[in-house]
Amino acid sequence: MGRSSLRARPVAGALLACACAWLAAGGCAGPKRLPSVVVSPRPGPGVEATPEPVVPPPAADVPEHPVAPPIPWLEPAEPLRLLGVGLLEDRPRLELRAEGAAWVRDADSGHTLAALEAGEPLACTRAGEDVAWRAGGEEGRARSIALQPIDPGFLVSAPGGSYRGDFLVLPTPRGTGLTLVNNVELEDYLKGVVPWEIGRHDDTKFDALCAQAVAARTYTVARIGSRQARGFDLYATVMDQVYKGATGEDARCNEAIATTAPLVLRHGGREIEAYYSACCGGSSCAVSEVWPKPDLPYLRRVADKPEQGGDAWCGGSPYYHWRETWSARELERILQRTLPEYVEYMAQGGGAWGGVAYTPARGGSAGRPGALRQLEIKRRTPSGRVAELAIVMDAGTYHVRGDRARWVLTPASGNLAILRSALFEVEVVRDDDRLREVSVRGRGFGHGIGLCQTGALGMAAAGRSWRDILAHYYPGATLDAVTRQER
Ligand SMILES: [Zn+2]
């Protein structure tokens, strides 16, 4: 599995073919060979329009970027992982610029529509169920549009940064705007993920970067195709993994990615669900402790500390201890929104947990919680996380399960949309019989399943290898080379 600098690039066509197959058939059928039909309405980049020569020019005179090059819609010559990363959805307008010459193509047919000079824009808007495009003095409409730099080393500037690989613009399914997809090789994708997920660190933490690279590679491979109804594989956000393309790449993270390529974690013959989070607060947890999903054998509760005891590997994390405080009035206002959302969530997918989400008081309605009376943790999971939080309101009692407590007790201020973790204690301050203030004292940041990023940094600093780190957080999983896309 290559660093892009070490291998030829027969991939762009396969990527686009893959994306096209999704669009056409509603599913990813894997790389296909597209028809090698080329329609070039004008000379290519760097090529002057010249009178037809009387005799064919010698080979040495063939311009560097010929007018009609063969479309590189070739089958990969070696096992590859290719993926489409959804950067934006439902945008009214998109503009892309490659730093070098690039082709604009109809992504369904492979036809070349226009050739762009370095820095020339491709502008797209939505036109009914099509993409209306304008590029290099040409314009038209197509079901989807591809932008493909002639040299794979050229970056493409898109909203949000600069990116390696090719681009696909398509109508957002069930939307009115456009979706922007970055089609990129797995190893190049990881370069845009690892520094944003675990940060930039010195050499003493190098093995944590390696462990993060393997976890991210595994998560990615396991998720290829999981968002295909949207026209891509993964979101470029915390919905999947934060990805910012070539913007902010880090040399040490790139080295960790190269060191661990092409390894992924496997169990039972397939890639594991390699969840990871910022800080486990001293103990990771099983899946069912926080989500209404079945447990997995390699995602177990792990005490995040040395075998011989001592401080938690993540004990030095700024997220290890935290506190969140609301006035009763503030929290009451937040709960008017989050408790009805919770009841709705439980009526949908969250119902897999079973049990009662809401017990009404006389005349109470789940959609109108009213005044806050009491909060009490009723049950805890084996790792100490909240299994059930009872919130007593005028309208009745809401039985908040697992990680959803984080969505219900949202911070009153700051940038956090949800509470840092479900590993917390509740403190209630009363004036006589009235609630005055609610505080939550917690540990950790994130769901707590799988690799603890700050714990991995602690283990690396203590001299543990990246293989030891992975074995600690994903017990029973084995390292294996990524294989040809089989899903
Ligand atoms: Zn930890």
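Biologist: Why is Lys378 called partly exposed?
Modeller: Lys378 has a relative accessible area of 47%. Buried means under 20% relative accessible area, exposed over 50%, and partly exposed in between, with a 1.4 Å probe and protein chains only. The value for Lys378 therefore falls in the partly exposed class. Glu376, at 40%, is partly exposed as well.

Biologist: On what kind of model do these values rest?
Modeller: The model is predicted: local features need pLDDT of at least 70, side-chain atom pairs count only at pLDDT 80 or more, and totals for chains, interfaces and linings use all residues. Residues are numbered from 1 along each chain as its sequence is written, and side-chain values use heavy atoms, with hydrogens and water left out.

Biologist: What makes the contact of Lys378 and Glu376 a salt bridge?
Modeller: The N to O distance between their side chains is 3.5 Å. A salt bridge requires a side-chain nitrogen of Lys or Arg within 4 Å of a carboxyl oxygen of Asp or Glu, so the pair qualifies. The whole structure holds 26 salt bridges.

Biologist: How do you know that Arg223 and Asp240 also form a salt bridge?
Modeller: Their N to O distance is 3.9 Å, which is within the cut-off and therefore counts. Arg223 lies in helix α4 (residues 206–223) and Asp240 in the loop between β13 (234–235) and α5 (251–260), so the pair ties together parts 17 residues apart in sequence. Helices (H or I, at least four residues) and strands (E, at least two) are DSSP runs, numbered from the N terminus. Arg223 is buried at 15%, and Asp240 is buried at 8%. Both residues belong to a network of salt bridges that includes Arg227 and Glu273.

Biologist: Why is Arg401, in strand β21 (residues 396–401), described as having no salt bridge?
Modeller: The nearest side chain of opposite charge, Glu388, is 5.1 Å away from the buried Arg401. Lys and Arg count as positive and Asp and Glu as negative, whereas His and the chain ends are not counted. The distance to Glu388 exceeds the salt-bridge limit, so no bridge is assigned. Glu388 is nevertheless among the contacts of Arg401, as are Tyr342 and Trp353; contact means heavy atoms within 4.5 Å.

Biologist: How do you know that Cys280, Asp304, Cys314 and Cys452 coordinate the zinc ion?
Modeller: Their donor atoms, SG in the cysteines and OD in Asp304, lie at 2.0 to 2.3 Å. Donors are N, O and S atoms within 2.8 Å of the metal (3.2 Å for Na, K and Ca), so these four qualify; water is not among the atoms, and sites may look incomplete. Along the chain, the donors follow the spacing C-x23-D-x9-C-x137-C. Asp304, in the loop between α6 (287–290) and β17 (322–327), and Cys452, in strand β24 (residues 451–452), are 148 residues apart. Asp304 is buried at 0%, and Cys452 is buried at 0%.

Biologist: What makes the zinc arrangement tetrahedral?
Modeller: The four donor atoms subtend angles of 102 to 118°. Four donors count as tetrahedral if all angles lie between 85 and 135 degrees; four count as square planar and six as octahedral if opposite donors are over 155 degrees apart and all others between 65 and 115, and anything else is irregular. The angles at the zinc ion meet the tetrahedral condition, so that term applies.

Technical notes: Lists of a residue's contacts leave out its neighbours within four places in sequence.
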